[in-house]
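Q: Could you take a close look at one part of this model for me, the small open sheet, and then walk outward from there to the rest of the fold? I'd like it as one connected story.

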Amino acid sequence: MRIPFYDYSIINRKLKKEILKEINLVLNLADNSSHESYVRGLENKAADYFNTKFAIGVDSGTTALQLAMVASGIGEGDEVILPSYTYISTALSVSNIGAKPVFIDIKEEDLTINPTSIENTISKKTKAIIPVHIHGNPCDIGPILEICKKYNLELIEDASQAHGAEYKGKKIGSFGIGCFSLHTSKTLGGVGNAGIITLNDRGVYDKIKKMMVPGNNTKELLLSKRTPCIMDAIQAAIIKVKLSCLDGLNKKKNKIAELYNSLIANEKIKKIVPRKDSCPVYRDYCIRVDNREGLRRFLGRVGIETKARYKLPVHLTETFTYLGYKRGDFPVTEKISREVLCLPSFVGLTDDKIEFVCEKINKF
Ligand SMILES: Cc1ncc(COP(=O)(O)O)c(C=O)c1O
């Protein structure tokens, strides 16, 4: 038996008829303004779904984060607090706009930012906090929001892995400025790169829109660097169809996680425990194991493909050596980065395959 880590084609095949119908609509749009209003249609649908006043379609999750920060007045010399256990793009979005990433540690149970470490790292230069809802696990937003209020900081959620997740009954991405990647690998994904910003602040919304389509001879033109970053209508077509069935896709992924949770029984394996007051979405189903590379090889030999996504915490990467962090600075992040292994969990993975993976894991 061969079990791949992903199979994007399953969902696309299932939704092919609806997707082709939408793409056909886009191919018949005659001018720029029709393309813009088509994308606006998706933005309205997304704002409805995520329960925010506005949504803005962009070309990637990285762009979403950068635009959110620049429109909030963050730039050269400012500091932004974020976890080191994340995809490196979260930190790059900060350095790309000339600001300084300030890393903090995570919690061992659910792998999300530890709110108790935030206040020690706040300085006069701190402008924002970026909690990352990693692997689809909602962060503990309550105390983070309080800190933001107390110190007048912007809350910019990196929700790139948590489309449809909830914290205390409210959609992730609706607490601050929500930034989502809609890359193919995400549960809500196009084909290739795309992203979306969800927000309630009219002022920030207007600024982002101005930067995306700057008028000639304006200040925004320089700020935007005239980098094209509007979501393509073709991506909007695919994402529109997927958004209509996002809850169903998340339900299927949650079922896969439930089956893994009930069948994995090996004392060498630790499971991730999402918060009780939240609904995670299992972008990834992850386990923790001391001998992660041993388990990866063991599963690989019987045809099971797995992924160790963030093997090197961002603060220890060569990219960010200039910040001066060293090994031992964030013990939980460093331990977790050695232990976490993501198992196949794509929509369409059948129960017999999950049972096979669990049988092998239990023999390890
Ligand atoms: C947590 C996180 N942040 C940011 C990004 C960046 O998104 P994109 O690749 O769409 O720029 C990703 C993409 O994988 C991500 O997982």
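A: Sure, let's start with a pairing: strand 6 (residues 166-167) and strand 11 run antiparallel and are joined by two bridges. If you want one residue pair to click on, Glu 166 has Cys 279 in strand 11 as its bridge partner. Keep in mind that this is a predicted model.

Zoom out a bit and that pairing belongs to an open sheet of three strands, ordered 7-6-11 and paired antiparallel. Strand 7 (170-171) and strand 11 (278-279) are the edges, each pairing on one side only.

There's more antiparallel pairing elsewhere along the chain. Strand 10 (residues 269-271) pairs with strand 12 (residues 285-289) over three bridges, in the antiparallel sense. Within that pair, Ile 269 has Val 289 as its bridge partner in strand 12. Strand 12 is also joined to strand 13 (residues 340-343) by four bridges, again running antiparallel, and here Tyr 285 stands opposite Leu 343.

Next up is an open sheet of seven strands, in the order 1-9-8-5-4-2-3, and this one has mixed pairing. Its edge strands are strand 1 (54-58) and strand 3 (100-104), each with pairing on one side only. On average, neighbouring strands here are turned by 25° against each other, if you ignore direction. One pairing to look at is strand 8 (residues 177-181) with strand 9 (residues 195-199): they run antiparallel and four bridges join them. Gly 178 sits opposite Thr 198 of strand 9.

Helices pack on this sheet too. Helix 3 (residues 32-50) touches strand 1, strand 8 and strand 9, and its direction makes about 130° with that of strand 1. Helix 4 also packs on the sheet, touching strands 1, 2 (79-83), 4 (126-129), 5 (154-158), 8 and 9, with its direction at about 160° to that of strand 8.

Helix 4 brings us to the ligand. The ligand is surrounded by 15 residues, and the closest are Ser 60, Gly 61, Thr 62, Ser 160 and Ser 181. Helix 4 (61-71) and helix 5 (88-96) are the elements that give two or more residues to this shell. By class, the shell has 12 polar residues, two nonpolar and one charged.

For contrast, try a couple of helix-helix contacts. The axes of helix 2 (residues 16-27) and helix 10 (residues 233-244) come within 9 Å and cross at roughly 150°. That angle makes the two helices roughly antiparallel, and helix 2 passes helix 10 in a right-handed crossing. Helix 2 brings Glu 18, Ile 19, Glu 22, Ile 23, Leu 25 and Val 26 to meet Ala 233, Ile 234, Ala 237, Ile 238, Lys 240 and Val 241 of helix 10. That contact counts nine nonpolar residues, three charged and no polar.

The other contact is between helix 11 (residues 246-263) and helix 14 (residues 351-363), whose axes come within 10 Å and cross at roughly 35°. This crossing is right-handed. From helix 11 come Ile 256, Leu 259, Tyr 260 and Leu 263, which meet Asp 351, Ile 354, Glu 355 and Cys 358 in helix 14. Sorted by class, that contact has six nonpolar residues, two charged and no polar.

How values were computed:
Residues are numbered from 1 along each chain as its sequence is written. This is a predicted model: local features need pLDDT of at least 70, side-chain atom pairs count only at pLDDT 80 or more; totals for chains, interfaces and linings use all residues. A residue is near a molecule or strand if its C-beta atom, placed from the backbone, lies within 6 Å of it. Ala, Val, Leu, Ile, Met, Phe, Trp, Tyr, Cys and Pro count as nonpolar, Asp, Glu, Lys and Arg as charged, and the others, Gly among them, as polar. Axes are lines fitted to C-alpha atoms, for helices over the stretch in contact, and angles run from 0 to 180 degrees between N-to-C directions. Angles under 35 degrees count as roughly parallel, over 145 as roughly antiparallel, 65 to 115 as roughly perpendicular and the rest as oblique. A crossing is left-handed if the near helix is turned anticlockwise from the far one by less than a right angle, and right-handed if clockwise. Two residues are in contact if their C-beta atoms, placed from the backbone, lie within 7 Å. Two strands pair if DSSP finds at least two bridges between them.
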